[in-house]
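Thank you all for coming; I would like to take a few minutes to walk through one model, starting from a single residue and then moving out to the charged pairs.

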Amino acid sequence: MTITTVPIGVTVNGRDHEFTDPLTVRQLLERLELPCQGVALAVDGALFPKSRWDEPVGRGWQIDVVTAVQGG
């Protein structure tokens, strides 16, 4: 019996990524070497609170990582 892993495809800041193992949002940020501090996340256009970052990343998610910038 062969076990096949279905890749998890997500888009982060406009770039497509595929992962073969399940990972949380926090692990995704770490794997892509993106900051976990001073950022906000939107998933499919909706704010994704930090309290949910330990949840698994969903297949096909479109994630935007936004950093706070001072000035105006």
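Please keep in mind that this is a predicted model. If we set aside the neighbours within four places in sequence, Thr24 is in contact with Trp53, Asp54, Glu55, Pro56 and Val57. Thr24 itself sits in the loop that runs between β2 (15-19) and α1 (25-31), and with a relative accessible area of 17% this residue is classed as buried, because the cut-off for that class is under 20%.

Let me turn to the charged pairs, of which how many salt bridges does a search of the whole structure find? The search gives 3 salt bridges. One of them joins Arg26 to Asp54, with the closest N and O atoms 3.0 Å apart; since Arg26 belongs to helix α1 and Asp54 to the loop between β4 (46-48) and β5 (62-67), the pair ties together parts that are 28 residues apart in sequence. Asp54, which we met as a contact of Thr24, is exposed at 52% relative accessibility, whereas Arg26 is partly exposed at 24%.

Glu55, also among the contacts of Thr24, forms a salt bridge with Arg52, and here the closest N and O atoms are 3.1 Å apart. Both partners count as partly exposed, Glu55 at 31% relative accessibility and Arg52 at 34%.

Finally, Asp21 forms a salt bridge with Arg31, the closest N and O atoms lying 3.3 Å apart. Asp21 is in the loop between β2 and α1 while Arg31 is in helix α1, so this pair ties together parts that are 10 residues apart in sequence. Asp21 is partly exposed at 30%, and Arg31 is likewise partly exposed, at 42%.

Conventions
Residues are numbered from 1 along each chain as its sequence is written. This is a predicted model: local features need pLDDT of at least 70, side-chain atom pairs count only at pLDDT 80 or more; totals for chains, interfaces and linings use all residues. Side-chain values use heavy atoms; hydrogens and water are left out. Helices (H or I, at least four residues) and strands (E, at least two) are DSSP runs, numbered from the N terminus. Buried means under 20% relative accessible area, exposed over 50%, partly exposed in between (1.4 Å probe, protein chains only). Contact means heavy atoms within 4.5 Å. A salt bridge is a side-chain nitrogen of Lys or Arg within 4 Å of a carboxyl oxygen of Asp or Glu.
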